[in-house]
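Colleague: I'm just starting out with protein models. Could you take a close look at one part of this chain with me, and explain the terms as you go?

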Amino acid sequence: MDQEIERSKVPEVTAVFWFIKVLATTLGETGGDAVSMSMNLGYAVSSLIFIGIFVVAMVAQIAVKKFHPFLYWLVVIATTTAGTTIADFADRSLGVGYPGGALLLFALLMASLAVWYWSAGSISVDTVSTPKIERFYWVAILFSQTLGTALGDWMADTNRLGYEGGAMVFAVGLVLIAGAYFFTSISRTLLFWAAFILTRPLGATLGDLLDKPLDHGGLAFSRFSASAILVIVIIACVALLPQRDGVHAGKQATDVPV
């Protein structure tokens with residue numbers, strides 16, 4: 001007897017998914033900095049604004065019955081802009097520094113994944129088809145985006161690699177993860193979350209490369225113009241590049257439940 005096929009509320013993980021994800025995380029860096037720094041609202045106020053946008057977008061995403069590309073990527077962008085300002089608030093306003101902020105956010109991410117696993121028996125994105133699982137998914141996404149921001153700033157600012165060097169380090173890390181995906185039997189779930197975390201600091205360093213001054217290793221685009229360009233490119237990609245919702249058979253995950 002064939003298993004019932006359930007449609008996922010998140011897109012199939014393909015090269016298109018990762019390409020738009022990097023664009024979205026780059027926008028998160030420029031957009032978050034535009035509000036917190038260029039508009040001089042500060043990290044705390046900006047974080048509250050973006051968390052509010054995230055909650056509204058997430059509620060709308062959970063309420064719909066099927067995958068809607070524009071709504072899904074709106075929530076991702078909300079998590080990445082919120083992640084930018086939250087990480088900056090933890091690293092700078094709270095005075096814990098980049099190592100302390102990264103460790104704090106890593107602990108929060110691991111805790112959110114542990115609670116998800118304890119409740120559902122899996123943290124695979126193939127299972128995101130119910131409101132309960134989707135709430136776990138988006139909380140983990142928010143923490144992973146915030147952690148990625150802290151890692152990107154830590155690498156670029158304190159290890160003296162600069163934004164180009166930091167982007168190169170995370171790009172190499174993603175290449176290694178891709179190699180593990182194609183040539184090893186390492187859990188696809190583990191590789192997905194590792195790649196999701198690393199694409200955020202890659203986007204963060206690319207965003208900093210775009211909008212930081214020339215004497216700080218950037219290209220000196222204004223944060224608003226860089227953000228506007230990225231918004232246009234993301235809209236075009238979501239509208240034109242093929243995406244479809246993921247599927248999984250009944251309650252059976254396609255990967256080991258980790």
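Modeller: Happily; we will start with a surface patch and then turn to some helices.

This is a predicted model, where local features need pLDDT of at least 70 and side-chain atom pairs count only at pLDDT 80 or more, while totals for chains, interfaces and linings use all residues. Residues are numbered from 1 along each chain as its sequence is written, and side-chain values use heavy atoms, leaving out hydrogens and water.

On the surface, Met39, Leu41, Val45, Ile49, Ile53 and Phe224 make up a nonpolar patch with about 510 Å² of accessible area together. Such a patch takes residues with over 30% relative accessible area and no salt bridge, and nonpolar side chains (Val, Leu, Ile, Met, Phe, Trp, Tyr) are joined within 5 Å. A salt bridge would be a side-chain nitrogen of Lys or Arg within 4 Å of a carboxyl oxygen of Asp or Glu. The areas come from the Shrake-Rupley method with a 1.4 Å probe, counting only the protein chains shown as cover for residues.

Helix H2 (residues 42-63) gives the patch its largest share, three residues. Helices are DSSP runs (H or I, at least four residues), numbered from the N terminus. Leu41 sits in the loop between helix H1 (15-38) and H2. Its relative accessibility is 34%, so Leu41 counts as partly exposed; buried means under 20%, exposed over 50%, and partly exposed in between (1.4 Å probe, protein chains only).

Now compare Leu209, which belongs to helix H7 (residues 188-211). Leu209 is buried, because its relative accessible area is 18%. The C-alpha atoms of Leu209 and Thr30 are separated by 9.8 Å, although these residues are 179 residues apart along the chain.

Methods: Helices (H or I, at least four residues) and strands (E, at least two) are DSSP runs, numbered from the N terminus. Patches are made of residues with over 30% relative accessible area and no salt bridge: like charges are joined within 9 Å, nonpolar side chains (Val, Leu, Ile, Met, Phe, Trp, Tyr) within 5 Å.
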